[in-house]
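Reader: Before I rely on any label in your description, I would like to hear the reasoning behind it. Could you take me through the terms one by one and set each against its criterion?

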Amino acid sequence: MTLLQEKPLNIPQGRIDMTHGSGGRASARLIEQVFASVFDNPALAESNDQARLTLPEPGMRLAFSSDSFVIFPLFFPGGDIGSLAVHGTVNDVAMAGAKPLWLSAGFIIEEGFPLSDLDRIARSMAAAAHNCGVSIVTGDTKVVEKGKADGLYINTAGIGAFRAELDLSAKRVQAGDAILLSGPIGDHGIAILAHREKMSFAEPLLSDSAPLNGLVEHMLASGVDIHALRDPTRGGLATTLNEIAKTAEVGMRLEESAIPIRESVRGACELLGLDPLYIANEGRLIAFCPQAQADKLLQAMRAHDKGSEAAIIGSVVPDARHWIEMRTPLGGSRIVDWLNGEPLPRIC
Amino acid sequence: MKYIEEFRDRALAVKLAESIQTEARAGQGRVYRFMEFCGGHTHAIFRFGIPDLLPPEIKLVHGPGCPVCVLPMARIDAAIQIAQIPDVVLCTYGDMMRVPGGKRLSLMKAKAAGADVRMITSPSEAVTLAQNNPHKQIVFFAIGFETTTPPTAVVLKQARALGLKNFSVFCNHVLTPPALAWLLESGKDQSADVPELDGFIGPSHVSAIIGTKPYEIAATAYGKPVVIAGFEPLDVMQSILMLLRQVNSGQAKVENEYARAVTREGNVKAQVLMREVLTLRDSFEWRGLGWLPHSGLRLNDAFSDMDAEQRFSFNVEDVRENRACQCPAILRGAKEPADCPLFGKACTPDNPIGSCMVSSEGSCAAWYSYGRGRQGN
Ligand code: SF4
């Protein structure tokens with residue numbers, strides 16, 4: 001056994017087996033050689049059952065979020081499940097105006113999963129975390145029998161810190177607010193679906209999976225009184241706006257022609273019979289601020305590379321029904337409903 | 001895909017709306033009832049808020065051209081029974097998963113209870129599944145009008161060429177012209193619960209396959225104008241204007257607004273392909289319209305070994321629809337979603353009671369999703 005432990009994993013050809021989740025030597029070897037070596041940071045290096053952390057400044061408040069990733073396929077144009085799992089949680093934390101600091105990573109791996117893929121995903125997570133300025137400080141690995149999971153699922157949880165006087169919350173959204181969107185919608189969901197459908201386009205379609213904490217920092221620095229931020233992931237822009245309208249007890253009015261959508265995404269949606277308003281995004285945010293400061297915020301967003309295609313897409317109005325109404329490019333109007341029970345395939 | 005924007009231009013829409021208004025006013029108060037046959041048009045009409053741009057003289061009547069909507073419950077129950085057979089994998093388009101059959105069971109619920117039902121977006125995925133799972137029986141639940149029929153024919157030929165013994169098709173393809181003929185015939189009959197119409201907005205994609213010729217009988221034998229229209233909102237508006245002009249000048253002919261994709265003869269190659277593999281049924285049941293002669297397709301004798309109806313046995317009882325659900329009348333154009341007491345209350349897209357609330361092409365779903373006839377949230 002001692003010999004085994006010292007032997008390096010055969011990453012190019014090896015596969016996960018049940019011993020890798022047993023908690024014994026094989027588990028330790030997997031964690032050391034695949035995860036710890038690339039996630040490398042002081043908290044993790046202490047090798048305790050928990051990470052011990054220190055706030056950057058005393059008196060800061062914490063933002064805490066968790067998300068699970070079951071996307072299929074694991075590798076897709078513009079990213080993979082690893083980078084997505086980092087960006088997804090970093091973004092959820094950042095939407096409080098918080099600076100994301102620490103992540104946990106939990107892996108549920110199907111027996112027989114290629115070690116080379118796991119290695120590639122771990123490296124991608126490490127690179128994404130580095131990019132976002134966060135550390136993966138604790139984690140867990142479980143292996144389930146073949147057929148009991150589909151390759152790999154990842155759960156990440158994240159903690160960020162923000163100054164106590166900052167108050168970004170859907171509850172603060174009010175009539176008279178402007179609604180801003182940081183860039184074109186639908187890139188992530190359509191990139192995944194198109195990849196699965198083997199559709200090809202003149203301009204290659206990539207997921208927008210990206211960290212938004214840099215953009216948020218930049219927006220906060222503009223001094224605009226931002227009421228709320230939200231990243232429209234599952235359910236798309238439409239569902240996210242409905243959630244906020246319900247929480248804030250308001251209605252919204254959108255201008256369809258103001259909502260940025262890439263030509264290729266629009267075309268793919270036509271072909272697949274989908275509405276881009278309901279397609280998931282992984283690197284976009286929606287911001288609410290008083291109408292009078294909207295232009296200032298828009299300029300700030302556009303000055304950052306993650307917001308270069310930002311636009312003002314509508315406004316918040318009093319409406320007891322909490323409806324999102326949209327003026328269509330033709331001049332007619334329609335409501336924009338919640339996503340309705342469509343069984344969309346796994347895209348996040 | 002550049003052309004899409006062009007057909008949604010607001011200035012053009014305003015101009016068209018003005019022309020429609022002028023033409024409709026010339027009728028001096030008369031009402032024009034035009035049926036859009038296709039669910040694709042119904043969806044586009046509400047998706048783009050077209051009713052807001054039309055004068056009150058124009059009433060759009062929604063037709064039966066929604067494949068998910070017209071499939072009778074007995075066929076859904078049969079699909080569920082096939083899916084429940086051990087080692088069967090039933091492949092279906094997403095919308096079909098949620099349509100309630102008898103006893104409100106759906107494929108989605110059957111799947112949750114253990115049946116192997118897979119959602120696919122193209123029938124070739126079913127063939128791949130059959131290749132990769134030689135010990136399973138892969139059944140493709142084929143539905144749709146003439147547009148989705150050629151792909152079914154293609155996979156049948158493909159499966160034959162591959163020598164696949166574990167692939168079959170549960171064929172539910174239906175044809176547009178018999179349904180149109182039924183509407184025209186019933187519309188003449190005062191006692192039938194079908195409205196008398198002033199003209200038809202004809203299908204776009206279906207017509208690309210079958211051509212415009214099959215609609216000529218509407219004009220010649222029934223004196224009703226037909227305008228074949230594309231699915232873009234401006235196509236729909238243009239076709240309404242063309243219909244109005246025909247009616248006002250006392251004409252009845254088949255016009256083709258969608259000439260960029262549709263010809264009189266249609267796609268002859270696709271027609272030949274369908275005939276190679278499929279053949280007419282004596283009669284097929286449509287929800288709301290009843291049993292219509294020569295309105296459905298089955299696998300022909302050369303392919304009967306891949307016919308799921310021959311390979312598997314199922315036993316569907318006569319099922320009653322929810323009595324309050326107005327889908328049958330809506331599919332005939334006799335009622336509107338708002339006439340249904342369940343609309344937006346007991347019946348919503350999340351909890352559909354009738355098929356018209358499931359598919360985005362269904363009238364109830366289109367009304368609900370885009371806010372027509374809705375009071376609260
Ligand atoms: S609202 Fe529901 S129950 Fe009523 S007609 Fe439509 S589908 Fe049927």
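**Labels and their grounds**

Author: Let me begin with Val317(A), which is found in strand E11 of chain A, a strand that covers residues 311-317. The model is a predicted one, and every value discussed here is computed from it.

Reader: Is Val317(A) buried or exposed, and what makes it so?

Author: Val317(A) has a relative accessibility of 17%, and because the label buried is given under 20%, Val317(A) counts as buried.

Reader: Which residues does Val317(A) touch, leaving aside those up to four places away in sequence?

Author: With that exclusion, Val317(A) touches Ala175(A), Val250(A), Gly251(A), Met252(A) and Arg253(A). Val317(A) and Asp177(A), moreover, are 140 residues apart in sequence, while their C-alpha atoms are 7.9 Å apart in space.

Reader: Why is chain A described as being as compact as a globular protein of that length?

Author: Chain A has 10 helices and 13 strands. Its radius of gyration is 21 Å, and the globule rule gives 20 Å for 348 residues; the two values are close, so chain A is as compact as a globular protein of that length. Along the principal axes, the C-alpha atoms of chain A fill a box of roughly 75 × 50 × 35 Å. Among contacts in chain A with a separation of 6 or more, 86% are accounted for by residues 24 or more positions apart, and buried residues make up 55% of the chain.

Reader: How does the radius of gyration of chain B stand against that of a compact globule?

Author: Chain B, with 16 helices and 13 strands, has 377 residues, for which a compact globule would have a radius of gyration near 21 Å; the value for chain B is 21 Å, and so the two agree. The box filled by the C-alpha atoms of chain B, again along the principal axes, is roughly 65 × 45 × 45 Å. In chain B, 58% of the residues count as buried, and residues 24 or more positions apart account for 77% of the contacts with a separation of 6 or more.

Reader: How do you know that Cys66(B) and Cys69(B) form a disulfide?

Author: The sulfur atoms of Cys66(B) and Cys69(B) are 2.2 Å apart, and because a pair of cysteine sulfur atoms within 2.5 Å is taken as a disulfide, the pair qualifies as one. A search of the whole structure finds 1 disulfide over all chains.

Reader: And why is the disulfide of Cys66(B) and Cys69(B) called right-handed?

Author: The torsion about its S-S bond is about 70°, and the disulfide of Cys66(B) and Cys69(B) is therefore right-handed. Both Cys66(B) and Cys69(B) are buried.

Reader: What makes Cys132(A) a buried residue?

Author: The relative accessible area of Cys132(A) is 6%, and since buried means under 20%, Cys132(A) is given that label. The same cut-off applies to Cys340(B), which at 11% relative accessibility counts as buried.

Reader: What is remarked about the phi of Glu249(A), and is the residue buried or exposed?

Author: Glu249(A) has a positive phi of about 55° although it is not a glycine, and it lies in the loop between helix H8 (236-248) and strand E9 (251-255) of chain A. Its relative accessible area is 58%, and because exposed means over 50%, Glu249(A) is called exposed.

Reader: Why, then, is His294(B) called partly exposed?

Author: The relative accessible area of His294(B) is 43%, and partly exposed covers the range between 20% and 50%, so His294(B) receives the intermediate label. His294(B) is placed in the loop between strand E12 (290-293) and strand E13 (297-299) of chain B, and its phi is near 50°, a positive value in a residue other than glycine.

Reader: What makes Asn300(B) buried, and where does it lie?

Author: Asn300(B) lies in the loop between E13 and helix H14 (308-311) of chain B. Its relative accessible area is 12%, and because the cut-off for buried is under 20%, Asn300(B) is buried. Not counting residues up to four places away in sequence, Asn300(B) touches Arg275(B), Glu276(B), Val277(B), Leu278(B) and Thr279(B).

Conventions: Residues are numbered from 1 along each chain as its sequence is written. Chains are lettered from A and ligands numbered from 1 in the order in which they are written. This is a predicted model: local features need pLDDT of at least 70, side-chain atom pairs count only at pLDDT 80 or more; totals for chains, interfaces and linings use all residues. Side-chain values use heavy atoms; hydrogens and water are left out. Helices (H or I, at least four residues) and strands (E, at least two) are DSSP runs, numbered from the N terminus. The radius of gyration is taken over C-alpha atoms; the globule rule is 2.2 Å times the number of residues to the power 0.38. Buried means under 20% relative accessible area, exposed over 50%, partly exposed in between (1.4 Å probe, protein chains only). Contact means heavy atoms within 4.5 Å.
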